[in-house]
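Good morning, and thank you for coming. Please look at the sequence and the model on the screen while I speak.

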Amino acid sequence: MLEQQQAALASKDAALAAKDFKIEALTRELAYLKQIPYGKASGLLTGEQRLLFEEIVDMDLAAIEQELENETLPKAKTIRRPPGRQTLPPELPRIEHRHEPESC
C-alpha cells in the first residue's frame, strides 16, 4: 500500500513538473511575441517599401517648398476681442420692457 501511494505521488509530481515546464515555455513565448512589434527587426523595410517611403518624402518636401514660396507676404495680425459677452451692434432694433412690482 505504501508503494502504491509513493508511485501515485511520483506520477503526480511528474505531471506537475510537466505542467510547470509547459507554463514556463508558454510564458517565454508570450514575452517573445509581445517584443516582436517593438524589436530591432520591426523597423526594417524591404526595398520596395523603402522606395515608396522615399517617394512620399520627396512629395512632402516639394509641397513644403511650394508652401514656403507662397508665404512671402506677411500675415495680417488678428484683432483679439476681450473675453466675455460682446455688445450687440447698434443697428439692431431695441425694445425696452420694464417690469414694475405691483406694490411699491
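I will cover the overall fold, a surface patch and the salt bridges.

This is a predicted model, in which local features need pLDDT of at least 70 and side-chain atom pairs count only at pLDDT 80 or more, while totals for chains, interfaces and linings use all residues. Residues are numbered from 1 along each chain as its sequence is written, and side-chain values use heavy atoms, with hydrogens and water left out.

The protein contains two helices and zero strands; helices (H or I, at least four residues) and strands (E, at least two) are DSSP runs numbered from the N terminus. Of its 104 residues, 0% are buried, where buried means under 20% relative accessible area, exposed over 50% and partly exposed in between, with a 1.4 Å probe and protein chains only. The accessible surface is about 11,400 Å², and carbon and sulfur atoms account for 60% of that surface. Such areas come from the Shrake-Rupley method with a 1.4 Å probe; for residues, only the protein chains shown count as cover.

Next, the patch. Phe-53, which lies in helix α2 (residues 47–70), joins Val-57, Leu-61, Ile-64 and Leu-68 in a nonpolar surface patch of about 480 Å². Patch residues have over 30% relative accessible area and no salt bridge; nonpolar side chains (Val, Leu, Ile, Met, Phe, Trp, Tyr) are joined within 5 Å, and like charges within 9 Å.

Finally, how many salt bridges does the structure hold? There are two, each a side-chain nitrogen of Lys or Arg within 4 Å of a carboxyl oxygen of Asp or Glu. Glu-24 pairs with Arg-28, with closest N and O atoms 3.1 Å apart. These residues are four apart in helix α1 (residues 2–35), so about one helical turn separates them. Glu-96 pairs with Arg-98 at 3.2 Å between the closest N and O atoms.
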